[in-house]
Amino acid sequence: MSFARAVATVGGFTMLSRIAGFARDMVMAAVVGAGPVADAFFIAFKLPNFFRRLFAEGAFASAFVPLFAKELQAGGRASAVAFAREAQAALLVVLLPFTAALIVLMPWVMRALAPGLADDPATFALAVEFGRITFPYLLFISLVALYGGVLNSIEHFGEVAATPILLNLALIAVVLGLTPVMPNGGYAAATGVFIAGLVQFLWLIWACRREGVGVGLTRPVRSARVMRLLMLALPTAIAGGVQQIGTMLDVVWASFLPAGAISALWYADRVAQLPLGVVGVAIGTALLPLLARQMRAGEDAAAQANQNRAVEFALLLTLPSALALAVLAEPVVRILFERGSFGAGDTRRAAAALAAFAAGLPAFVLVKAFIPAFYAREDTRTPLYAAIVAIIINVALNVSFLLGTRLEHVGIALATSLSGWVNAAFLGLSLRARRQFASDARLRRNAPRIAIATAAMTAALWLAVGWLAGPLHGGTLLGGLTLAGVCLAGGLIYGAASMLLGVLRLAELRSLLRRQPGAKRESTDVD
């Protein structure tokens, strides 16, 4: 499968997931709002997500996929699946006791995570209860990451990319169905997280068995390949832990701010995750197994070309997204969330944070485009060093903004964006210094043209927001249709400018999305 086709497959399903996610967040905003109950739930939900990114999507997946691809190429499907079973056993040895321990120790965990809630015993108690309900989600989603790595390695991206849709649909159903019979919507949302994890787990078990790569249970073994997996995963876990410490520190800082700050950051981040998820996750998911295979085969020129296209796609799709979100932050938040328990003040707080998060979107996606180049070479240390530098910058900026300014939660979002640019610069310059990445003629030609097309779109959006301030101010059907029209017009202007400047060519896009001529798919034909 061509790189562009793989990105389109993952990105398309991720877009559907994000649409379902917006529907979920609209339900959450209306039912749970942005007050103490919402703060308690979002703190609780961040805890399994922290370890999910650490164990599952971070260290484990990044180390597992290249090694699984290596086993697939060298020993065939049977050997690769046997390795996946050994990896699953090693994962369970860690996760089962860890999950049980965290559930028991949840009050102390919450004191460390959100010390500012100690002055609000009711909200703190809710956070502990919600944390105990949601934390088993970590176990399910970590196994989902393993099964997803197996499927991605045999070029079955669709089933994995569709998995988050199940999370959103399950949460919507449970929140709407159980809120009337539970003390508040937070209990229903926490229960929904647990159920969603189980549904995702069962979905990918079925998908693996259907594709002939079912990963059954086996006893833990200390094999050479499992030890290699652990050796590669350890630096990545530390790097992921450093990055996630930055995310969790955001909760610590926000817990000292007035009620609603944590929720404002959550809702803003949810909107910012749309381009990050659709573009960044798609690029990272498609690029890692592709680079791993090409480097194993000695196809360095092809790997360099795909790395350049990853950076080009990142700029092409995230520069306009970032500027559009910054200009349209308040209308977007108002029309998506301002109803029920979510008021006008909540809209203003979340919109300000969204604009700050938008400043870092291109950097976050560039990180997703650069990191696979290290992991495919089994270099998990350099991303660790980049993460350490970024977190030091993040902490310094947070302290500076919170103590020296009145930015409050907006300063937290801005610090995240600026540290993201530091991370991206560190990774890109490291690859360049090692001569493992050099921009090709196409990237050098298109990057400034993408910036010009983005500027044209931004100017048009800024004028449209002024002309249509009336309908955009109301969270009504008319407001939603107006916002959709403005977004469509901005997209058309950007697309037209990109074509006029020679960045986009319809014939080239059609060619990229086809399978590469004569491409073999040994990975799916191995017995």
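## Exercises on a helical chain

Asp 25 and Arg 270 are both buried. That pair opens our set of exercises, and please keep in mind as you work that this is a predicted model.

**Exercise 1. Find the salt-bridge partners of Asp 25, and say which helices Asp 25 and Arg 270 belong to.**

Step 1. Start with the side chains. Asp 25 and Arg 270 form a salt bridge, with 2.8 Å from N to O. Asp 25 sits in helix H1 (residues 3–31) and Arg 270 in helix H10 (residues 261–296), so this pair links parts of the chain that are 245 residues apart in sequence.

Step 2. Now look at the neighbour in sequence. Arg 24 also makes a salt bridge with Asp 25, and here the closest N and O atoms are 3.3 Å apart.

Step 3. Check the burial. Asp 25 has a relative accessible area of 1% and Arg 24 has 5%. Buried means under 20%, so Arg 24 and Asp 25 both count as buried.

Step 4. Recall the general idea: side chains of opposite charge can pair when their charged atoms come close.

**Exercise 2. Which residues share a salt-bridge network with Glu 312?**

Step 1. Begin with one pair. Glu 312 forms a salt bridge with Arg 309, and their closest N and O atoms are 2.8 Å apart.

Step 2. Place them on the chain. Both residues belong to helix H11 (residues 300–327), and they are 3 residues apart, about one turn of the helix.

Step 3. Compare each value with the cut-off for burial, which is under 20%. Glu 312 is buried at 2% relative accessible area, and Arg 309 is buried at 12%.

Step 4. Follow the shared partners. Salt bridges join Arg 309, Glu 312, Asp 440 and Arg 442 into one network. In the whole structure, a search finds 9 salt bridges.

**Exercise 3. Are the axes of H3 and H4 roughly parallel or roughly perpendicular?**

Step 1. Locate the helices: H3 covers residues 77–104 and H4 covers residues 106–113.

Step 2. Read the geometry. The two axes come within 5 Å and cross at roughly 80 degrees.

Step 3. Apply the cut-off. Angles of 65 to 115 degrees count as roughly perpendicular, and H3 and H4 are therefore roughly perpendicular to each other.

Step 4. See who meets whom. On the H3 side are Leu 102, Ile 103 and Val 104, and they meet Met 106, Pro 107, Trp 108 and Val 109 in H4.

**Exercise 4. What is the sign of phi at Glu 408 and Arg 435, and where do these residues lie?**

Step 1. Remember the usual picture: most residues other than glycine have a negative phi.

Step 2. Take Glu 408. Its phi is positive, about 50 degrees, although it is not a glycine. Glu 408 lies in the loop between H15 and helix H16 (409–433), and it is partly exposed at 38% relative accessible area.

Step 3. Take Arg 435. Its phi is also positive, about 60 degrees, and again it is not a glycine. Arg 435 lies in the loop between H16 and H17, and it is exposed at 76%.

**Exercise 5. Is Asn 398 buried or exposed, and which residues does it touch?**

Step 1. Asn 398 is part of helix H15 (residues 381–404).

Step 2. Its relative accessible area is 0%, so Asn 398 is buried.

Step 3. Leaving out residues up to four places away in sequence, Asn 398 touches Asp 250, Trp 253, Gly 411, Ile 412 and Ala 415.

**Exercise 6. Which residues make the nonpolar surface patch of about 510 Å²?**

Step 1. The patch is made by Trp 462, Leu 463, Trp 467 and Leu 468.

Step 2. Pick one member, Leu 463. It belongs to helix H17 (residues 441–467), and at 37% relative accessibility it is partly exposed.

**Exercise 7. How many helices and strands does the chain have, and what share of its residues is buried?**

Step 1. The chain has 21 helices and 0 strands.

Step 2. Of its 527 residues, 57% are buried.

Step 3. The chain exposes about 21200 Å², with carbon and sulfur atoms supplying 68% of that area.

Step 4. Among contacts with a separation of 6 or more, 85% join residues 24 or more positions apart.

Technical notes
Residues are numbered from 1 along each chain as its sequence is written. This is a predicted model: local features need pLDDT of at least 70, side-chain atom pairs count only at pLDDT 80 or more; totals for chains, interfaces and linings use all residues. Side-chain values use heavy atoms; hydrogens and water are left out. Patches are made of residues with over 30% relative accessible area and no salt bridge: like charges are joined within 9 Å, nonpolar side chains (Val, Leu, Ile, Met, Phe, Trp, Tyr) within 5 Å. Accessible areas come from the Shrake-Rupley method with a 1.4 Å probe; for residues, only the protein chains shown count as cover. A salt bridge is a side-chain nitrogen of Lys or Arg within 4 Å of a carboxyl oxygen of Asp or Glu. Helices (H or I, at least four residues) and strands (E, at least two) are DSSP runs, numbered from the N terminus. Buried means under 20% relative accessible area, exposed over 50%, partly exposed in between (1.4 Å probe, protein chains only). Axes are lines fitted to C-alpha atoms, for helices over the stretch in contact, and angles run from 0 to 180 degrees between N-to-C directions. Angles under 35 degrees count as roughly parallel, over 145 as roughly antiparallel, 65 to 115 as roughly perpendicular and the rest as oblique. Contact means heavy atoms within 4.5 Å.
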